[in-house]
Amino acid sequence: MMSDTWTVFDVLANRRRRWVLGVLAFSPRTPIPVRDLAESIAAFEFENPTTTQTKRVRTSLRRTHLDCLEAIDAIHISQDGVSPGPSFHPIFHILSVGLTHQPHTQS
């Protein structure tokens with residue numbers, strides 16, 4: 001069962017959490033090892049990520065971001081890595097609608 005909408009928005013407010021969902025959505029295989037997930041996200045954040053930068057991303061994912069996403073059932077964490085959770089698809093839909101909506105500006 002998906003968490004309430006405001007909780008989902010609060011979790012999705014963080015860029016790294018949105019990137020986790022994006023990597024999962026377009027990955028040909030799951031679960032994705034946390035190391036591979038961190039390498040993908042570090043590549044989004046840095047042009048040529050160093051080993052240190054990638055380790056920092058991995059630590060941040062493990063200590064903060066993955067638990068938040070698992071709490072709203074967006075992901076499932078196992079020894080093998082990260083895979084989509086029971087609420088992944090509706091939450092990713094919310095994210096994708098938000099990404100494609102462009103506010104209108106007046107001239």
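The following paragraphs lead through a predicted model of a protein, from its overall layout to its core, its ring pairs, its charged pairs and its backbone details.

The protein has 107 residues, of which 34% count as buried. Its secondary structure consists of five helices and two strands, and read from the N terminus these elements follow the order α-α-α-α-β-β-α. Among the contacts that join residues at least 6 apart in sequence, 56% link residues that are at least 24 apart. The exposed surface of the protein comes to about 7,000 Å², and carbon and sulfur atoms account for 52% of that area.

The interior is a good place to begin. The largest nonpolar core comprises 25 residues, and those that make the most contacts inside it are Val 20, Leu 21, Leu 37, Leu 61, Leu 66 and Ile 75. At least two residues of this core come from each of helix H1 (5-12), helix H2 (15-26), helix H3 (34-45), helix H4 (51-71) and helix H5 (88-100), and H3 provides the largest share, with five residues. Leu 21 gives a view of this packing from one position: when residues up to four places away in sequence are set aside, Leu 21 touches Leu 12, Leu 69, Ala 74, Ile 75, Phe 88, Ile 91, Phe 92 and Leu 95.

Two of these neighbours, Phe 88 and Phe 92, lead on to the aromatic rings. The structure contains four aromatic pairs. In one of them, the ring centres of Trp 19 and Phe 44 are 5.3 Å apart and the ring planes meet at 35°, so this pair is classed as tilted. Because Trp 19 belongs to helix H2 and Phe 44 to helix H3, the pair ties together parts of the chain that are 25 residues apart in sequence. Trp 19 has a relative accessible area of 23%, and is therefore partly exposed, given that the buried class ends under 20%. The rings of Phe 88 and Phe 92, by contrast, have planes at 10° and centres 5.7 Å apart, so that pair is stacked. Phe 88 and Phe 92 both sit in helix H5, four residues apart, which is about one turn of the helix, and both are buried. Ring pairs also bring in Phe 26, linking Phe 26, Phe 88 and Phe 92 into a cluster.

Next come the strands. Strand S1 (residues 75-78) and strand S2 (residues 81-84) pair in the antiparallel sense over four bridges, and a hairpin of two residues joins S1 to S2. Within this pairing, His 76 stands opposite Ser 83 in S2. Ile 75, at the start of the range given for S1, is also among the core residues with the most contacts.

The charged side chains add further links. Side chains of opposite charge can pair when their charged atoms come close. A search of the whole structure finds two salt bridges. In one, the side chains of Arg 16 and Glu 45 meet with an N to O distance of 2.5 Å; since Arg 16 lies in helix H2 and Glu 45 in helix H3, this pair ties together parts that are 29 residues apart in sequence. Arg 16 has a relative accessible area of 16% and so counts as buried. Arg 16 is also in contact with Ser 60, which touches His 65 as well when neighbours within four places in sequence are left aside. Ser 60 is found in helix H4 and, at 18% relative accessibility, is likewise buried. The other salt bridge joins Asp 36 to Arg 29, with the closest N and O atoms 3.2 Å apart. Here Asp 36 is partly exposed at 26% relative accessibility, and Arg 29 is partly exposed at 46%.

Two backbone details complete the tour. Most residues other than glycine have a negative phi, and most peptide bonds are trans. The peptide bond from Thr 30 to Pro 31, however, is cis, with omega near 5°, and Pro 31 is located in the loop between H2 and H3. Asp 73, a residue other than glycine, has a positive phi near 65°; Asp 73 lies in the loop between H4 and S1 and counts as partly exposed, at 27% relative accessibility.

Notes: Residues are numbered from 1 along each chain as its sequence is written. This is a predicted model: local features need pLDDT of at least 70, side-chain atom pairs count only at pLDDT 80 or more; totals for chains, interfaces and linings use all residues. Side-chain values use heavy atoms; hydrogens and water are left out. A nonpolar core is a set of buried Ala, Val, Leu, Ile, Met, Phe, Trp, Tyr and Cys residues joined through side-chain atoms within 4.5 Å. Buried means under 20% relative accessible area, exposed over 50%, partly exposed in between (1.4 Å probe, protein chains only). Contact means heavy atoms within 4.5 Å. Rings of Phe, Tyr and Trp (its six-membered ring) pair if their centres lie within 6.5 Å; planes under 30 degrees apart count as stacked, over 60 as edge-to-face and the rest as tilted. Two strands pair if DSSP finds at least two bridges between them. A salt bridge is a side-chain nitrogen of Lys or Arg within 4 Å of a carboxyl oxygen of Asp or Glu. Accessible areas come from the Shrake-Rupley method with a 1.4 Å probe; for residues, only the protein chains shown count as cover.
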